[in-house]
Amino acid sequence: MAAKSTRSVDSVTERTFPERVLQATRPVLIQFWAEWCGPCIRVTPIVEQLAAEHAGVLDVVKINVDEEHALATQHGISSIPAFVVYADGAPAKSWTGAAPKPVLERHLGDFLR
């Protein structure tokens, strides 16, 4: 059985956020995470897999809440892992918690068309 492809997900900072998220031409999934967060570490390979499988229709980035506190605060992040999908430069959907791939794909369904 072949290994599923994964893709490294770029980190976004306050400086790169406007270009990578607000000005993106396709929907952007943001994963808010931290190095000390066990559930964040466990869900990251799934997020990377989604990034690889949907590269043509969805951009995927991550934001470290410890390094980018202002972005986390701006998005009301109080628990991680947290996810926000931007579409057309605005937040379109958000949820919190690590989940298996089928659950994440259900959350992203409207944005994967």
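Trainee: In which segment is Phe111 found?
Mentor: This is a predicted model, in which local features need pLDDT of at least 70, side-chain atom pairs count only at pLDDT 80 or more, and totals for chains, interfaces and linings use all residues. Residues are numbered from 1 along each chain as its sequence is written, while side-chain values use heavy atoms and leave out hydrogens and water. Helices (H or I, at least four residues) and strands (E, at least two) are DSSP runs, numbered from the N terminus. Phe111 is found in the segment after α4 (101–108).

Trainee: Is Phe111 buried or exposed?
Mentor: A residue is buried under 20% relative accessible area, exposed over 50%, and partly exposed in between, with a 1.4 Å probe and protein chains only. The relative accessible area of Phe111 is 13%, so Phe111 counts as buried.

Trainee: Which residues does Phe111 contact, leaving aside its neighbours within four places in sequence?
Mentor: Contact means heavy atoms within 4.5 Å. One of the partners is Val85, which is 26 residues from Phe111 in sequence and 8.5 Å away in space, C-alpha to C-alpha. With neighbours within four places set aside, the contacts of Phe111 are Pro27, Val57, Val85, Ala87, Ala92 and Lys93.

Trainee: What is the order of the strands in the open sheet?
Mentor: Two strands pair if DSSP finds at least two bridges between them. The open sheet has five strands and mixed pairing. Read across the sheet, the order is β1-β3-β2-β4-β5.

Trainee: Which strands stand at the edges?
Mentor: An edge strand here has a single partner strand, so one of its sides is left without a neighbour in the sheet. The strands in that position are β1 and β5 (90–96).

Trainee: How many bridges join β2 and β3?
Mentor: Strand β3 (residues 59–64) also pairs with β1 (residues 10–11), in the parallel sense over two bridges; there, Val61 is the partner of Asp10, and Lys62 is the partner of Ser11. On β2 (residues 28–33), Gln31 stands opposite Lys62. The pairing of β2 and β3 is parallel, and its bridges number six.

Trainee: How many of the residues of β3 are buried?
Mentor: Asp59, Val61 and Ile63 point one way from β3, whereas Val60, Lys62 and Asn64 point the other way. Both of these groups are buried. Of the six residues in the strand, the buried ones number six.

Trainee: What is the hand of the β-α-β unit?
Mentor: The unit is made of β2, helix α2 (residues 38–53) and β3. A crossover is right-handed if, with the strands pointing away from the viewer, the path from the first strand over the helix to the second runs clockwise. This unit is right-handed.

Trainee: At which residue does α2 bend?
Mentor: Helix α2 has 16 residues and reaches 24 Å from its first C-alpha to its last, close to the 22 Å expected; the expected span is 1.5 Å times one less than the number of residues. A bend is the angle between axes fitted to the seven residues ending at a residue and the seven starting there. The bend in α2 is about 35 degrees, and Pro45 follows within four residues. The residue in question is Thr44.

Trainee: Which elements are included in what covers the buried residues of α2?
Mentor: The buried residues of α2 include Cys40, Val43, Val47 and Leu50. Their cover includes β2, β3, β4 (82–87) and α4.

Trainee: How many salt bridges does the structure hold?
Mentor: Side chains of opposite charge can pair when their charged atoms come close. A salt bridge is a side-chain nitrogen of Lys or Arg within 4 Å of a carboxyl oxygen of Asp or Glu. One of them joins Lys101 and Glu53 (2.8 Å, N to O). The number of salt bridges is three.

Trainee: How far apart are the closest N and O atoms of Asp10 and Arg20?
Mentor: Asp10 is partly exposed at 40% relative accessibility, and Arg20 is partly exposed at 29%. Their closest N and O atoms, in a salt bridge, are separated by 3.1 Å.

Trainee: How many residues apart in sequence are the parts that Arg26 and Asp59 tie together?
Mentor: The side chains of Arg26 and Asp59 meet in a salt bridge (2.8 Å, N to O). Arg26 lies in the loop between α1 and β2 and Asp59 in strand β3, so the pair ties together parts whose separation in sequence, in residues, is 33.
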